[in-house]
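Please look over the sequence and the structure shown here; the report that follows takes up some local features one after another.

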Amino acid sequence: MKGLKNPNKGYFAALAFDISKYKYIYLMLIPVLLYYIIFHYIPMGGAAVAFQNFKPAKGFFDSDWVGFKHFEDFLTGIYAPRVIINTVLLNFLNLIFGFPAPIILALMLNEVSHNSFKKFTQTISYMPHFISMVVVCGMVITFVKSDGMITQFLTFFGMEEVNLLSKKEYFRTIFVSTTIWKTLGWASIIYIATLSGIDPNLYEAATIDGAGRFKKIVHVTFPALVPIITIQLILRIGRMLTQGFEQVMLLYNPLIYDTADIISTYVYRRGLEDMDYSFASAVGIFNSVVNLTLLVSANWFSRKFIKESLW
Amino acid sequence: MGLLHKKTLGEKVFDFCNYSLLILVTLICLYPMLYVLFSSISEPVQLMKFRGLLYKPLGFSLKGYEVLLYNPNIPIGYFNTIFYVVIGTALNLLVTMLGAYALSRSGYKLKKLFTIAIVFTMYFSGGMIPSFLLVRNIGLINTRWALIFPTLIGTWNMIVMRTVFAAVPKSLEESAKMDGANDFIVLFKIFVPVSKATIAVMLLFYAVGHWNSWFNAMIYLRDRQLWPLQLFMREIIIANTMIGNETGAVLGDAGEGFFYLEEVIKYATIIVSTVPILCIYPFIQKYFTKGVMLGSLKG
């Protein structure tokens, strides 16, 4: 065995030995590592353009360094409050309304005793997940025009006959409703599957103890969901500031920037439309760092108080 | 629930409300799609004048679909999308499997470092602008590869697959290695066949991802000949620039008063682009639960 002759002459010799011993594993990892280096780690380094006055003509290495200037400009500029508030608010509303919705749907379906009805409802509710965001947003835009189906329906309830996406006060409602419509059924699958795994003996025991249906929902069904809800919640908070970009990009328009413009759409416009690469990168880094902080805090909080965590 | 018992009044009320609400949810999920379908086969002029909810098509006309036949963008978009879905998904799966297998093996020195470096990218990224500059600098811009390489691996998928591979019984691998098989043979002859269901789920996730993607195409592809269907869709149903484009020119005199067709065209486009995915829907449905539960595995 070669293993007995492990030369143990410092780290690199040991590494060379390791690579020859596991050569196929390292061979498999080549394309994988190349991908992560090129498409993840180089851009992380490239994010240093945020500290430069990057000029494509000069290139990365010859552009002037300006320190935190762009961060200061962003945070003291007039758009920072708007985009930060909108990002947090849209995601927060999504969390408040969008997060419990699939849990409630799962609990409701769990109380249905007609299997074919249950199956049918599930099948239909998953469907929107498979309709692309472009089409979903296209449908929303068409439906909320002044003569659109949704606007016309709402006029029965006293809504004015206008393009709802031209009024900034309606954007948040439209955004959250669209998200819920698209994700409700799909997001409920995980809860439904968890519920179907509950030991029937637990229900029998609860019945013997005299628990009615509501008591069983509160004391047996819901507690079974708590661990999975916690994990989903942490993941959700960890994606807080990166969610919703495509949806906002497709739905918004300059009339409603006041309520619709979020950090990532602002990055897109400043960076890729105005080609102000350095400034936009700075805003992007700000977004990534805040996002990571949120995730780490949520995970820490959960590990400490609920004993569930991602790592 | 097991024993037969008479339902109390409270339970009956509960059941009634529960079923009614669920029927309402189903209707809300289904109706917008039905509305689009009805509109797409309605008489264009009637549809334009109509306000409110549709319960059936207004008259019958395939005008919207006819006009689409003249739009060269639809076949171009379809062809490109199929290319991105097939080639993209195949490469996604191949590299994801290689990475998942390597990360599921133990013993080699750099495993921990690689795992941490890879997982870290799920939570932190350089952002949109540095990624764009990179793709431009390495010359992928305005090529098909710009939609394939930057999304080569879904890290979450690879980590999930690693967890599945790690659970394959050791004995299978050991006996193959006794027979002189190397890791590539073990992966493709043993691990892939025993993890078929997981791979099917990954295939579904990657393929749907390619089918739906539009943003990368928008920022990386200037050449319309390379555009995927979703980008043309965006132009037709969101940016609304179809009128006066190729189609109007092709129709010539028939394009006169073309604006009244605008709505049916939009609806027909939605149907044409969405039906294929909804057609395979019944066949993939059995994988949904499996797929979502895989996602909840902890690494």
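In this predicted model, Arg51(B) touches Asp147(A), Gln152(A) and Glu161(A), residues up to four places away in sequence being left out of the count. Arg51(B) belongs to the loop between helix 2 (44-49) and helix 3 (63-69) of chain B, and within chain B its side chain reaches the backbone oxygen of Met48(B) at 3.3 Å. With a relative accessible area of 41%, Arg51(B) is partly exposed, because that value falls between the limits of 20% for buried and 50% for exposed.

Helix 12 (residues 229-239) of chain B is mostly covered, since nine of its eleven residues are buried; among them are Leu229(B), Phe232(B), Met233(B), Glu235(B) and Ile236(B). The cover over these buried residues includes helix 7 (133-143) and helix 12 (245-251) of chain A, and from chain B it includes helix 4 (73-104), helix 10 (196-212), helix 11 (215-220) and helix 14 (262-284).

Two loop residues are set out below by their backbone angle and accessibility.

| Residue | Phi | Loop | Relative accessibility |
|---|---|---|---|
| Met275(A) | near 55 degrees | between helix 14 (263-273) and helix 15 (277-305) of chain A | 53% |
| Asn142(B) | near 60 degrees | between helix 6 (128-137) and helix 7 (155-166) of chain B | 25% |

For Met275(A) the phi value is positive although the residue is not glycine, and Met275(A) is exposed. Asn142(B), likewise a residue other than glycine, has a positive phi, whereas its accessibility places Asn142(B) in the partly exposed class.

Terms used. Residues numbered from 1 in each chain as written. Chains lettered and ligands numbered in written order. Predicted model: local features only at pLDDT ≥ 70, side-chain atom pairs only at ≥ 80, totals over all residues. Heavy atoms only, no water. Helix = DSSP H or I, 4+ residues; strand = E, 2+ residues; numbered from the N terminus. Buried < 20%, exposed > 50% of the residue type's maximum accessible area, 1.4 Å probe, protein only. Contact = heavy atoms within 4.5 Å. Polar contact = N/O pair within 3.5 Å; in protein donor to acceptor, adjacent residues only side chain to side chain.
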